Amino acid sequence: MSISKVGDAAKQKLFLVHFKDGYIKAVIAVTTEQIKADLEAANEPGRGVGDIEKIVLEQNYYPQNEDYFDV
């Protein structure tokens with residue numbers, strides 16, 4: 001098992017945010033709490049935290065390959 005240089009806080013993930021009206025928004029974030037905070041800050045009508053049906057983790061993205069170190 002390798003130890004990550006970037007740490008878990010920097011590992012981005014692709015989430016699909018499903019809203020109650022059927023709209024699906026793709027969001028890249030680290031945590032679901034970050035997604036909720038961003039949606040509150042955006043203040044879009046019909047796209048708030050209360051309008052979320054579910055948040056699905058689609059894929060993990062990492063800023064660098066953890067098996068190699070920077071030169």
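This is a short conversation about how to read a predicted model of one protein chain.

Visitor: Where should I start? Which elements does the protein chain have, and in what order do they run?

Guide: Start with the outline, and keep in mind that this model is predicted. The protein chain has 1 helix and 3 strands. Read from the N terminus on, the order is β-β-α-β. Strand S1 covers 12–19, strand S2 covers 24–29 and helix H1 covers 32–42, while strand S3 spans 52–61.

Visitor: How do S1 and S2 pair?

Guide: They pair in the antiparallel sense, over 6 bridges. To find your place in that pairing, look at Leu14, which stands opposite Ile28 in S2. S1 and S2 form a hairpin with 4 residues between the strands, and there Gly22 takes a positive phi near 100°.

Visitor: Is S1 mostly covered or mostly open?

Guide: Mostly covered: 6 of the 8 residues in S1 are buried. For the protein chain as a whole, buried residues make up 23% of the 71 residues. The chain exposes about 5,200 Å², and carbon and sulfur atoms supply 52% of that area.

Visitor: Which residues make up the largest nonpolar core?

Guide: The general idea comes first: in soluble globular proteins, nonpolar side chains tend to be buried together. In this model the largest nonpolar core has 8 residues: Phe15, Val17, Phe19, Val27, Ala29, Ile35, Leu39 and Ile52. S1, S2 and H1 each supply at least two of these residues, and the largest share, 3 residues, comes from S1.

Visitor: What is Val17 in contact with, leaving aside its neighbours within four places in sequence?

Guide: Val17 is a good residue to click on. Its partners are Tyr23, Ile24, Lys25, Val27, Ile35, Leu39, Ile52, Lys54 and Ile55. You can also look at contacts across the whole chain. Of those with a separation of 6 or more, 51% are between residues 24 or more positions apart.

Visitor: Now for charges. How many salt bridges does the structure hold?

Guide: Side chains of opposite charge can pair when their charged atoms come close. This structure holds 2 salt bridges. In one of them, the side chains of Asp21 and Arg47 meet at 2.6 Å, N to O. Asp21 lies in the loop between S1 and S2 and Arg47 in the loop between H1 and S3, so this pair ties together parts that are 26 residues apart in sequence.

Visitor: Are Asp21 and Arg47 buried or exposed?

Guide: One of each. Asp21 counts as exposed because its relative accessibility is 54%, and the cut-off for exposed is over 50%. Arg47 counts as buried because its value is 17%, and buried means under 20%.

Visitor: What does Arg47 touch, not counting residues up to four places away in sequence?

Guide: Arg47 touches Phe19, Asp21, Tyr23 and Leu39. Two of the names should be familiar, since Phe19 and Leu39 belong to the largest nonpolar core.

Visitor: And which residue forms a salt bridge with Glu44?

Guide: That partner is Lys25, with the closest N and O atoms 3.6 Å apart. The pair links distant parts of the chain, since Glu44 sits in the loop between H1 and S3 and Lys25 in strand S2, 19 residues apart. Glu44 counts as partly exposed, at 36% relative accessibility. Lys25 is also partly exposed, at 24%.

Visitor: One last feature, the backbone angles. What is the phi of Asn43?

Guide: As a rule, most residues other than glycine have a negative phi. Asn43 has a phi near 55°, a positive value in a residue other than glycine. You will find Asn43 in the loop between H1 and S3.

Visitor: Why does Asn43 count as exposed?

Guide: Asn43 counts as exposed because its relative accessibility is 64%, and the cut-off is over 50%. While you are in that loop between H1 and S3, look for Arg47 as well; Arg47 counts as buried, at 17% relative accessibility.

Technical notes
Residues numbered from 1 in each chain as written. Predicted model: local features only at pLDDT ≥ 70, side-chain atom pairs only at ≥ 80, totals over all residues. Heavy atoms only, no water. Helix = DSSP H or I, 4+ residues; strand = E, 2+ residues; numbered from the N terminus. Buried < 20%, exposed > 50% of the residue type's maximum accessible area, 1.4 Å probe, protein only. Contact = heavy atoms within 4.5 Å. Areas by Shrake-Rupley, 256 points an atom, 1.4 Å probe, with all protein chains shown as cover. Core = buried A, V, L, I, M, F, W, Y, C linked by side-chain atoms within 4.5 Å. Salt bridge = Lys/Arg side-chain N within 4 Å of Asp/Glu carboxyl O. Pairing = 2+ DSSP bridges.
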